[in-house]
Amino acid sequence: MTTAATTHHSAVLEHRDRFRPRQAAGKGHVSVRNVDIVFDTHHGPHTAVQGAQLEIQPGEFVCLLGPSGCGKSTLMNVVAGFVKPRHGELLVDGQPVAGPGPDRGMVFQQHSLFPWKTVKDNVAFGPLMAGVGPREAESVSRTFLSLVGLSGYADAYPSTLSGGMQQRVGIARALANYPSVLLMDEPFGALDAQTRTMMQENLLEIWSEFRNTVLFVTHDIDEAIFLSDRIVVMSASPGRIIADIRVKLERPRQAELLTSPAFMALKRECLALIREQTLHAFEQQNRKH
Amino acid sequence: MSVKPGPFQASSAVVPSSTGERGVIQADGAATETVVGTDAVGAAVEASHARLPANWRRYLVRIAALVVAVMIWHLAAVNDLNLYLRFENVPNPVVVGTEFIAQLSSQTFYLHILHSMERIAIAYGLAVVIGIALGVMMGRSRFAEDIILPYIEILRPIPAVAWIPLAILMMPTEQASIVFITFLGALFPIVLNTVHGVEQTPKVLVRAARSLGASNAAILRHVVLPGALPSIVAGLAIGMGVAWFSLLAGEIISGQYGIGYFTWSAYTLVEYPKIIIGMLVIGGLGSLCTLLVRKGCAPLLRWQKEAGRS
C-alpha cells in the first residue's frame, strides 16, 4: 500500500513543483461575503441565492447540501466564475473572482469531457493551457490517470468509457491543473448507488494526497456526511444558507463507516438540525410577507 | 495510500454520445446530394460492414441490378424503341463503350477533365476557406451573424444557374465566371453547416475549457471547431456535390474546355455517344470528389466512429 502511495505522491509533487510552484500549501481560502445572485427572467428578476455568507479554510472539504433548486449549484458557479453575483463579494485567497480560472478546478455532473480528445489528451489539456510543453503535459496526464486508476485507458475516447470512469477522468483533468480549490457539482449524481459509493471512497483517497480545498455540491446527506469536514445546508426559494454543521468523523474514511452507529447518530443529528432550520427559515419567510 | 482500480474497471458500460443527433441544413440547390449530416457516419459504418465477405450476396444483387439496366438500354437502343421515350438517337452501350475506349487515348478528353478539375479545385478551395471562416464568425458572434445572415438569406435561394448571365457580364474572363458560379454553389452548404455546428457547442465544454485556463483562441481551436466538425464535414460533402452541379451548368453555357462543355458540344456536333460518356464521367468524378472529401476528413472524426462502434 505504501509503496504505490509514495510513487503517486512523489510524482504528483514533482509535476506540481515544476509547473505551478506558486501553488504552495496554505492556498485555497474561499470567502463568500453577502452574495446575492439574481437572474433576469421573462417574469422579472428571480433571486436564486440570497445573502450567502461562507468562509472556507484552506484544505477544508465542504459540502453544499440542499434540495434541487436551492441555488447550491448556482453558488458554486459564482465561485467558479461562470456567474456574476448581483451583490456581495467573492474572494479566493484574498483576490476577487473575475472569471473562471485554473486555480479553481471544476468537476461537472456529466458529459463534460471533450469527446474528440482521448482520455490522455483530456487530462493533459489543463497543463497545456498552463504553458507546459506537450511532453511534460503528457507526463502529468499519465501520472494523474494512474492516480485515478485509468492508466489502461489513456488512448480511449471518453464515449467508450462508463459513466463512473468518465467522472474519474474528469477528476483527474481538474486535479492535473493543481487547483487550490476543487469545485465538484454533483459529480456522482448520475451514477448508480454502488458505483457512487466506490467513487466517494476513491475521491477521499485521492484527496488525501492533495488536501486542497474542496467545495462539493450534493443533495445526498449520506454523501455529504461521508465526504466532508463541514456541511453547509441551503434551503430553497430563495436559496439561503440555513445551517453549518461540522462533521467530526475520523479520516481516513471507508465505506463501512456508512453503516456505523457513529455515522447514523450524526446523520440523525443533521436531519434534526436541517428540519429545525428549514422550519425556522419558513417562519421567517412568512413573517416577512 | 494507493488507489484501488479493481472494481471500476469491471464496470465498462457504454454511455451513448449525444453528438449523434445533429440535424443539418441542406442547401436548396443540393438536389444531387442526399446523404445528410452524421448519417454520413452511419453510412460509413454500413459501408465497412458491406465490405465484409459475408455480404457478397448483396453485392451480387447490386451488380445484377445494374447489368439488367444496361441490357434493357441495349435492347431498347438496338431495336429503336419508341414508346413515348424515343431511343432512335440513343447510342447503344456497345457503341458508347467503344467510343469511351477511343476517348481514353485522346488527349483532349483528358484536357476537358483537367479543366473541370482545376475549376473545382479553385472554386471549392475558396468556398472551404471562406465558408468555414464566415460560418465560425456567424456562429460565435451575434454581430457578425446579423451582418452576414441577410446576404445569405437573400442569395442562397438563387440557383447557381441563375447567376450565369450576371457572372459572364461581371467577371473579366470566362474561366473566372465559371469558377465564381462553382464557388457560390459550394459556399452556402458549407457556411450553413458550419454555423449549425458551431452553434451546437455544448456550454459545459466551453465552461470546462475556461476553468482549465483556456483562452478564447484555445476554446475555438480545442472545443468549438472539433465539436462543429461533424457538421462541417457534412457541409463539405454537400458542398462538393453542389459544386459539380454548378460547374456543369457553367461549363455547358460558356467555356471552351471542361467536361460540361464536352457533353454539350457532343450534342451540338451530333456525336451522341460522347453525351453519355460525358454524363458518366461527370457522375464518376463527382462521386470520387465527394468520396475524397469524406475519406480525407474521416481521420478527424475518428472519435465519433469509436463512439458508434462500442
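**Exercise 1. Determine in which element of chain B the residue B:His115 lies, and whether B:His115 is buried or exposed.**

*Solution.*
Step 1. In this predicted model, B:His115 is found in helix 5 of chain B, which spans residues 107-140.
Step 2. The relative accessible area of B:His115 is 23%. Buried requires under 20% and exposed requires over 50%, so B:His115 is classed as partly exposed.
Step 3. With residues up to four places away in sequence left out, B:His115 touches B:Tyr257 and B:Gly258.
Step 4. B:Gly255 is 140 residues from B:His115 in sequence, yet their C-alpha atoms are 10.0 Å apart in space.

**Exercise 2. State which residues of chain B the UniProt annotation "transmembrane region" covers, and describe the secondary structure of the spans 59-76 and 275-293.**

*Solution.*
Step 1. According to the unreviewed UniProt entry, the annotation covers residues 59-76, 120-139, 151-171, 177-198, 219-245 and 275-293 of chain B.
Step 2. Residues 59-76 of chain B are 100% helix and 0% strand, and the C-alpha atoms at the two ends are 26 Å apart.
Step 3. Residues 275-293 of chain B are likewise 100% helix and 0% strand, with 27 Å between the end C-alpha atoms.

**Exercise 3. Work out the strand order of the four-stranded open sheet in chain A and identify what lies across strand 1, strand 2 and strand 4.**

*Solution.*
Step 1. The four strands are arranged in the order 2-1-4-5, with antiparallel pairing.
Step 2. Strand 2 (44-56) and strand 5 (95-96) of chain A are the edge strands, since each pairs on one side only.
Step 3. Within the sheet, strand 1 (residues 30-41) and strand 4 (residues 87-92) of chain A run antiparallel and are joined by five bridges. A:Arg33 stands opposite A:Glu89, a residue of strand 4.
Step 4. The element lying across strand 1, strand 2 and strand 4 is helix 2 (residues 72-80) of chain A, which runs at about 115° to strand 1.

**Exercise 4. Establish which parts of chain A are tied together by the salt bridge between A:Asp40 and A:Arg86.**

*Solution.*
Step 1. Side chains of opposite charge can pair when their charged atoms come close.
Step 2. For A:Asp40 and A:Arg86, the N to O distance is 3.3 Å, and the cut-off for a salt bridge is 4 Å.
Step 3. A:Asp40 belongs to strand 1 and A:Arg86 to the loop between helix 2 and strand 4 of chain A, so the salt bridge ties together parts 46 residues apart in sequence.
Step 4. A:Asp40 is exposed, at 60% relative accessibility, while A:Arg86 is partly exposed, at 40%.
Step 5. Over all chains, the count is 16 salt bridges.

**Exercise 5. Decide whether A:Glu60 and A:Arg230 are buried or exposed, and name the network to which they belong.**

*Solution.*
Step 1. A:Glu60 and A:Arg230 form a salt bridge in which the closest N and O atoms are 3.1 Å apart.
Step 2. A:Glu60 sits in the loop between strand 2 and strand 3 (61-65) of chain A, and A:Arg230 in strand 9 (residues 230-235), 170 residues away.
Step 3. Both residues are buried.
Step 4. A further salt bridge joins A:Asp229 and A:Arg251 at 2.7 Å, N to O.
Step 5. Salt bridges with shared partners unite A:Glu60, A:Arg230, A:Asp244 and A:Arg246 in one network.

Technical notes
Residues numbered from 1 in each chain as written. Chains lettered and ligands numbered in written order. Predicted model: local features only at pLDDT ≥ 70, side-chain atom pairs only at ≥ 80, totals over all residues. Heavy atoms only, no water. UniProt positions renumbered as here; feature names shortened; annotations may be inferred. Pairing = 2+ DSSP bridges. Contact = heavy atoms within 4.5 Å. Axes fitted to C-alpha atoms, helices over the stretch in contact; angles between N-to-C directions. Buried < 20%, exposed > 50% of the residue type's maximum accessible area, 1.4 Å probe, protein only. Salt bridge = Lys/Arg side-chain N within 4 Å of Asp/Glu carboxyl O.
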